Amino acid sequence: MTAQPTGPAPGGTTAWASHDPSDHASDARALAFVDAHPVRPIPAAGQVDASPIAGTPATGYAELFAAVVPETRTRGNDIHLPISLAFATRLCDAYPAADRELVSVAIILHDTGWAHVDESRILSEGFSGDWRKAAIRYEHESEGCTVARRVLPGLGYGLDFIEQVCTIIDGHDTRPVAFSLEDALVRDADRLWRFDHAGIALASSWFGMDPAVYSDRLRSEILPELITQAAVEMGTADLDRSVALLRTEVIR
């Protein structure tokens, strides 16, 4: 998740261009979400579990995962999606007002579109340069909606629910603002998996960074992007454990 380098950041890491906060800011859905949740990061209403994510794997959704197994074989989705679902489950515990089913289905499907774009362009375009505006990012979001509309009707989901899922998928990388609490939880879960040591191992290689530099970037640039306080607490605790495990203070 990076854009063009803009210069040195504190601690010797590289600063990266971020979203233009004015983009989509006037959308009525974004404005309504800000009005409903004016305090950022959004305080948790329920229990926040910041223990190692491996201790509470998500359960259920076996039929949905089975329906998209081919889509899990691209870009590490077979690791990314179940870990992200586990984080999403914890976030729903912390924010019980959210529609848990919508969050769970959307996070499982959000990156399935990577399996339906030109794989040779995923790393060259989707993880380099100004990634937030890369055409392949928009393509994978659109293809993810196509996957959702293909698999969900056969699993008993109605058209209105499916379109809510697609609203979250469409823009989860390229739109800088959330439209709903469920949208926000999916966005945070999509980022939180990277703080786990498995996420660091995979994602650091995508960006051509060593684990130490990538961990520095997570702390300085991705933690501030998290929308909910629960996600901030989970991400901070997980990153602290990961950098200690990976000995990034000396292996850099």
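**Notebook: Arg187 and some salt bridges**

I started with Arg187 and found this residue in helix 9, which covers residues 181-192. A reminder to myself: this is a predicted model.

Next I wanted to know: is Arg187 buried or exposed? Its relative accessible area is 4%, and buried means under 20%, so I wrote down Arg187 as buried.

Then I looked up what the side chain of Arg187 touches. It reaches the backbone oxygen of Arg175 at 2.7 Å. It also makes a polar contact of 2.8 Å with the side chain of Asp183. Setting aside neighbours within four places in sequence, I listed the contacts of Arg187, among them Gly171, His172, Pro176 and Ile227.

Which residues share a network of salt bridges with Arg187? I found Arg175 and Asp183 there, linked with Arg187.

**Salt bridges elsewhere**

Here is the general idea I keep in mind: side chains of opposite charge can pair when their charged atoms come close. I searched the whole structure and came away with 16 salt bridges. I picked a few to look at by eye.

My first pick was Asp49 with Arg90, where the closest N and O atoms are 3.6 Å apart. Asp49 sits in the loop between helix 1 (28-36) and helix 2 (62-67), while Arg90 belongs to helix 4 (residues 77-94), so this pair ties together parts that are 41 residues apart in sequence. I checked the surroundings of both partners too. Asp49 is partly exposed at a relative accessible area of 26%, whereas Arg90 is buried at 5%.

My next pick was Arg137 with Asp173, which meet in a salt bridge of 2.5 Å, N to O. This pair also links distant parts of the chain, 36 residues apart: Arg137 is in helix 7 (residues 135-151), and Asp173 is in the loop between helix 8 (159-169) and helix 9. Arg137 is buried, with a relative accessible area of 1%. Asp173 is buried as well, at 4%.

My last pick was Asp238 with Arg241, whose closest N and O atoms are 3.4 Å apart. How are these two placed in helix 12? They are three residues apart in that helix (residues 229-246), so about one helical turn separates Asp238 and Arg241. Asp238 counts as buried at 4% relative accessibility, but Arg241 counts as partly exposed at 31%.

Definitions and conventions: Residues numbered from 1 in each chain as written. Predicted model: local features only at pLDDT ≥ 70, side-chain atom pairs only at ≥ 80, totals over all residues. Heavy atoms only, no water. Helix = DSSP H or I, 4+ residues; strand = E, 2+ residues; numbered from the N terminus. Buried < 20%, exposed > 50% of the residue type's maximum accessible area, 1.4 Å probe, protein only. Polar contact = N/O pair within 3.5 Å; in protein donor to acceptor, adjacent residues only side chain to side chain. Contact = heavy atoms within 4.5 Å. Salt bridge = Lys/Arg side-chain N within 4 Å of Asp/Glu carboxyl O.
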